[in-house]
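Reader: Could you take me through one part of this model in detail? I'd like a close look at the ligand and what sits around it, and then a helix if there's room.

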Amino acid sequence: MTAPTDATETAEAPRALHPEIARRRTFAIISHPDAGKTTLTEKLLLYGGALHLAGTVKARRAERHATSDWLALEKERGISVTTSVMQFDYHGFRVNLLDTPGHGDFSEDTYRTLVAADCAIMLVDNRKGVEERTRQLYEVCRRRRLPIFAFVNKCDRVGQEPLELLGLLEQELGLPVVAAMWPVMENDTLQAVVDRRRNIVHWFQRGGDHGASRVAIETSPLSHEDIARHTSQSVADKTFDELGLLDAAGHEWNEEAITTGALIPLYFGSALTNFGVEPFLDDFLKLAPAPTPRAIEGGVADPGDEAFTGFVFKIQANMDPKHRDRIAFVRIVSGHFEAGLQATLGRTGKPLRMNLPQTFLAQERMHVDDAWAGDVIGLHDRGTLRIGDAIFTGKPVAFADIPRFPPEHFSRITIKDPLRRPHLDTGLRQLAEEGAIQLFKGDPQASVPDIVGAVGQLQFDVLLHRLEHEYGVPAKLSSLGMSHARWIEGDAAAVQRAIMMRDRMLLYDAKDRPVLLFTNGFAVRWAERESDGLVLKEFPD
Ligand code: G4P
């Protein structure tokens, strides 16, 4: 089976999408920290012509650290906590790469980003295989039936045997894995990859600049003699033995199964030296789905629909300390967007004029006049937009599957200087709207919330850091020692009984709805069992 050779050939998708939509590819990279996501991202940008010399993303990262205190936290912790979107063109494709934070405590952000993606690249280290964080993210992808493309990284140095890795991946992932490319290894380092469908070998030329620029590739038809000539007889024998095994016992190539997330194609390479990156990118973009439909209440929003629809999957305040603004990231699900488009915000039913939207390249922003289904645009927001909001020009739509996460950490927040209270309130409100934390108060009559909830502990560190550096409010947190929140409903007597028990605490959310905090899951189950007429919900309606 052969794949088309460029974007125009994939343009006639069965849904006869507009060519502008058919050439879009919107995806995220999922991996465990240190597997090489930053390096691969940089190389994709390099190959997309969006960066001239790789190393720039990291250099920029360092530059940003110098100018932004907020990002200093990233540096201190050695983690990436912001999500950005990068757009570039490659061989006729318009690529939207959604960058996700690597740290587990930011899973909320990452999971929502996966809702905005149409497929994902799963990056694994050749020594470690599927690690914890990758496994969690993969589960989210699998539940959403997101097509996955696996890339085994760091093949420039000794790792597990490729056949062993393939077996381990299948076992771990619970889905069939098919080798799209196969490595030719000599002295435990990658020399070439065999394109199994096209029967060709891509030979990589070692460059002198440590992967800062594109690597030269020589391509030859697959033959034992040729591999032996380039390497040695034993390397050619081993490669052909492995290829023979894959042909005999491996899974069949099935493009439909790949695009529906039922089969995972496997690639090998080294992001650091660029080996294998270009053949992977070429193949991946051809196979990756064009923008896919999204479930809405009562049906489906299809990218081919004429009316504009989109949803907000992330809000970020003060992205750039020089701008001090909030950006709402909108994934366009259908239709065409032009600057100034007059749409409706589903939650309020009010008109929303989308002026001066932005698109992103690495950390740079550019105004965008025109965007299509599959793209992500950034809207300036003054507090009107919320995560999960639907925006549309035609019939009202409500998107069905934007995941929500219950907070698991709760702390009281206090400040030394009472005069800074208004700043604290503004900071908390804005960060809560962004989805960075959730707010609760002990007394429904009190206007000032004083309890914050977060999905991960690290969110608290970020909160304190941002309050101090962006809002000028040094604050302190003290843990409540509670880990489960349940919104409660039921008759007054049942609610009263539930409140009176030990090991729980009554709070009110931003909309004054009562929420009970419990010390652990056992206490939640106990409350459910003992209190007749009480309804405990993980999320409010
Ligand atoms: P992450 O975003 O997934 O956390 O990983 P990142 O790209 O920052 O890479 C983590 C480490 O792995 C880096 O080394 C990076 O150079 C290295 N790396 C990435 N891809 C490859 C590869 O293909 N082969 C090899 N051998 N190493 C790779 P570091 O020493 O932590 O950082 P640095 O000093 O190189 O920047």
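Author: Here's a walk around the ligand site, followed by a look at one helix. Keep in mind that this is a predicted model. The ligand is surrounded by 16 residues, and the closest are D34, K37, T38, T39 and D156. Sorted by class, that shell holds 6 charged, 6 polar and 4 nonpolar residues. If you're wondering which element gives the most to the shell, look at helix α3, residues 37-47, which supplies 3 residues.

Now for the individual contacts. T38 puts a polar side-chain atom 2.4 Å from an oxygen atom of the ligand. On D156, a polar side-chain atom sits 2.6 Å from a ligand nitrogen atom. With L272 the backbone does the job: one of its polar backbone atoms is 3.1 Å from an oxygen atom of the ligand. As for cover, the ligand taken alone would expose 710 Å², and the protein buries 65% of that.

For the helix, let's pick α10, which runs over residues 233-249. Its 17 residues reach 24 Å from the first C-alpha to the last, close to the 24 Å expected at 1.5 Å a residue. Buried along α10 you'll find V235, A236, T239, E242, L243 and L246. Look down the axis of α10 and these buried residues fall within an arc of 135 degrees, so they line one face of the helix. That fits the usual geometry: an α-helix has 3.6 residues a turn, so residues three or four places apart point the same way. Flip to the face of α10 turned away from the buried side, and you meet the exposed residues S234, D241, A248 and A249.

Terms used:
Residues numbered from 1 in each chain as written. Predicted model: local features only at pLDDT ≥ 70, side-chain atom pairs only at ≥ 80, totals over all residues. Heavy atoms only, no water. Near = heavy atom within 4 Å. Polar contact = N/O pair within 3.5 Å; in protein donor to acceptor, adjacent residues only side chain to side chain. Areas by Shrake-Rupley, 256 points an atom, 1.4 Å probe, with all protein chains shown as cover. Helix = DSSP H or I, 4+ residues; strand = E, 2+ residues; numbered from the N terminus. Nonpolar A, V, L, I, M, F, W, Y, C, P; charged D, E, K, R; others polar. Expected span 1.5 Å × (residues − 1). Buried < 20%, exposed > 50% of the residue type's maximum accessible area, 1.4 Å probe, protein only. Arc of directions from axis to C-beta.
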